[in-house]
Amino acid sequence: MAPTLNVKQATGNQSSWNTLLPDFPKGPLSKYRKKASFNWKEMAMFLDGEDIIRLKNRIFSALESDPFFARHPGEELSREKYQELTFLRCKRLFEYDFLTQQEIMENPLKILNLVICIGMYDWSPCLQFFLHCGVFGGTILSASKRFANFVKKIYNMEIFGCFALTELSHGTNTKGIRTTATFDHNTQEFIINSPDFEAAKFWVGNMGKHATHAIVYAQLYTPDGQCQGLHSFIVQIRDTKTLLPMPGVMVGDIGKKIGQNGLDNGFAMFHNVRIPKENILNITGDVSPEGKYSSSFTDVKERFSAALGSLSTGRILITAVSATNLKLALSIAIRFSATRRQFGPTDEEEIPVIEYQTQQWRLLPYLAAAYALDYFSKSLFENFVEFYAGLLTKQKSQRQADLGREIHALSAASKPLSSWTAQQAAQECREACGGHGYLAMNRLGEIRNDNDPNCTYEGDNNVLLQQTSNYLMSWMNCIRNKVPFESPLGTINFLQDYHHIIGWKFKANSVDDCMDSSAPLAAYKWLVCYLLRESDLKLRKEKQSGHSDFEAKNNCQVYFCRSLAIAFVEQTVLQRYHDYTHDPNIPSTLQPVLKNLCALYGLWSLSKHLAVLYQGGYVSGEQAGRFIQNAILELCSRLKDDAVALVDVFAPPDFILNSPIGKASGELYKNMWAEILQGNKALSRPSWWAEFCINKPVTGRLSSRL
Ligand SMILES: CCCCCCCCCCCCCCCC(=O)SCCNC(=O)CCNC(=O)[C@H](O)C(C)(C)COP(=O)(O)OP(=O)(O)OC[C@H]1O[C@@H](n2cnc3c(N)ncnc32)[C@H](O)[C@@H]1OP(=O)(O)O
Ligand SMILES: Cc1cc2nc3c(=O)[nH]c(=O)nc-3n(C[C@H](O)[C@H](O)[C@H](O)COP(=O)(O)OP(=O)(O)OC[C@H]3O[C@@H](n4cnc5c(N)ncnc54)[C@H](O)[C@@H]3O)c2cc1C
């Protein structure tokens, strides 16, 4: 499948690059910048294009000159203050209104870049804003024209929204949601109820303190007592003038989290809350004034899929959000590693820690992953735009349905891949910066903790992977019976060659043979076919041995279906990035480094599956594994001198990155020292000084006298 993002030519010339992308200050990083094999400005212009760079500059400079977004080094905000500040910042985002509808229509990638830019500053205001405009607003927008009035109120902040699916006792298992919406045809209203506190809506972003309206998922009951399944409803939870709860609603904040504490996550219980009939989001079904249920989906399963369709948007966005965290963490760790010196070949000369093979091997594969996942998330977003356009125009074609299934399968695995990669990278980057990585001011802890829920929300990673493996396994009948098949995005088309691919063997005879991404790509195609075969065999065996479908599926996850979903998505990411980096239109000045990144990403990801590659007989002998390992090390060493320039391409301005050890000047110690001394209490005597100086303990006073 050809990449969906077109290879763009770098626009403008050296002087326009300089206007849009000013030089970095001279300093300790200059040495590595000079060593780079390519011009970082050309790369940035090539990857993003002039229009997106202008947008990024506009957003970054607006935030930097706005007092509401000022950084206050050394200041420790209480959670309440942080929530207040987050809300004030969110309001400013309304005032900036960075993108017009027209701009978004012309280039939908701009909305993704807006999310990324604001998130790079701080995820709390970013998520608050987009949960309201994107998740709440987007779901309502795609439901039906009858919500036009609501939509207006959303975008001028007359109301503030949240998305309430999860309950205290059910999250991933959406079929287990227990909130009810019972239609009362006498009053033409739905009555919303939480059967008990375990069915309270829980974890809902924006609900804790300020949301006035919620999209509430509930089991719909018609007057005949029939449960029609999961549907969503707009429910007012607070008064828009007082922010006090509406009658029958108990709403509150769930408390401090591990990260994202500017965001108020909340709970809500409903006691006979009446909402107008029109407030059902009639995406999958509706109720007539007499209380008769109707749906354009005759199949209950299809109706359920459609009811949860909007979750794919979040999963795609989270793929990009996580790739952004990867970039932030790497910008800090690589700049640090190029300036931090420890040990050296002689006592006189200490070398930057990036010169160590271990440091390169720990960081550079993540750098390659950042480039590959960034590309993938944007291309998947573009696929989604096509799907969303179909949704808005109420397309009912087979292609639209197939596209929805494929995007669901891809996003259900790309979210896990990207969020886990970022999570592991954030920790590795933290350790790669030694003790300084642990200092909160350097931001790696915040990045790690704010990234963490990406592994859980919008569906737990491990459970979501099952959706992808289910999708892949669903093609097994066609494969067995050699019936031709294809998908709208073509991501499973290679499986038509399954019977041929399953016989492939690793062909490399030297390290050189592994240096292009085509080598890991071929291995991945075999791996997916092999894991598909093994998972299918295992499932059939489990069923033959008398296990129920539920048990059989459950017993096939570890080493089988779970690995299959991961291998498939890694293969897909690699395939797209391979096609992109090998496009003949890539400028010759940039292609070598991009190809190295692609090969490194492919080999490094593949190396985690080496045991299975041996187990299944794709590779054999000691040499094959060594070739792969040596190729990884060779690529790390080739990329080492490009690493600083590669993070310069995506690192946001210092103000946004907000990490003294990650600043573009590379003046590691000066920057840290300055910030430490700005801490408002760094040099002051503690308020409790007398506890030491005056109130001395009487040693042994509390020891047992028995
Ligand atoms: C533009 C600006 C935007 C702004 C963007 C903001 C920024 C981005 C940051 C976000 C910030 C997040 C803030 C947290 C917001 C929450 O966290 S909201 C709560 C999210 N909750 C979840 O995601 C719940 C996770 N669980 C589920 O989605 C589903 O129940 C499961 C696990 C996928 C399926 O469970 P199940 O009961 O086993 O159902 P299952 O039999 O597998 O499914 C039935 C059928 O439906 C299909 N299906 C299920 N889901 C789907 C779907 N989504 N699509 C299509 N088909 C589906 C299945 O594939 C299956 O089809 P077949 O295989 O039978 O053909
Ligand atoms: C910061 C944050 C913000 C959130 N915001 C929102 C929001 O705005 N709106 C909203 O509705 N929700 C929100 N959520 C809730 C979120 O969507 C859920 O937490 C998520 O879907 C996971 O569900 P759960 O917590 O019930 O986990 P559980 O399903 O209870 O999972 C617990 C463990 O069991 C495992 N497990 C569960 N089922 C299976 C299975 N079938 N096979 C194997 N293992 C299984 C999981 O892998 C996991 O490790 C938020 C959560 C967080 C952390």
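**View 1. The surroundings of ligand 2 in a predicted model.** Of the 20 residues around ligand 2, those that come nearest are L165, T166, G171, T172 and W203, where a residue is near a molecule if its C-beta atom, placed from the backbone, lies within 6 Å of it. This is a predicted model, in which local features need pLDDT of at least 70 and side-chain atom pairs count only at pLDDT 80 or more, while totals for chains, interfaces and linings use all residues. Residues are numbered from 1 along each chain as its sequence is written, and chains are lettered from A and ligands numbered from 1 in the order in which they are written.

Two or more residues of the shell around ligand 2 are given by each of β1 (161-164), β4 (201-205) and α15 (461-473), and the largest share, 3 residues, comes from β4. Helices (H or I, at least four residues) and strands (E, at least two) are DSSP runs, numbered from the N terminus. The shell around ligand 2 holds 8 nonpolar, 9 polar and 3 charged residues, with Ala, Val, Leu, Ile, Met, Phe, Trp, Tyr, Cys and Pro counted as nonpolar, Asp, Glu, Lys and Arg as charged, and the others, Gly among them, as polar.

**View 2. The open sheet that contains β4.** In this sheet, 3 strands follow the order β4-β8-β7 with antiparallel pairing, and two strands pair if DSSP finds at least two bridges between them. The edge strands, each pairing on one side only, are β4 and β7 (249-253). From one strand to the next, the twist averages 25°. Strand β8 (residues 265-270) is joined to β7 over 5 bridges in the antiparallel sense, and F270 in β8 is the bridge partner of V249.

**View 3. Helix α3 and its neighbours.** Because 8 of the 9 residues of helix α3 (residues 40-48) are buried, this helix is largely enclosed by the rest of the structure; a residue is buried if 20 or more other C-beta atoms, placed from the backbone, lie within 10 Å of its own. Among the buried residues of α3 are W40, M43, F46 and D48, and the buried residues of this helix pack against α1 (14-20), α4 (50-64) and α24 (643-650). Just after α3, G49 takes a positive phi of about 85°.

**View 4. The position of L635 in helix α23.** L635 lies in helix α23 (residues 621-640), and L635 counts as buried because it has 27 C-beta neighbours inside 10 Å. Leaving aside residues up to four places away in sequence, L635 touches N596, A599 and L600, where contact needs C-beta atoms, placed from the backbone, within 7 Å.

Methods
Buried ≥ 20, exposed ≤ 12 C-beta atoms within 10 Å, placed from the backbone. Contact = placed C-beta atoms within 7 Å. Axes fitted to C-alpha atoms, helices over the stretch in contact; angles between N-to-C directions.
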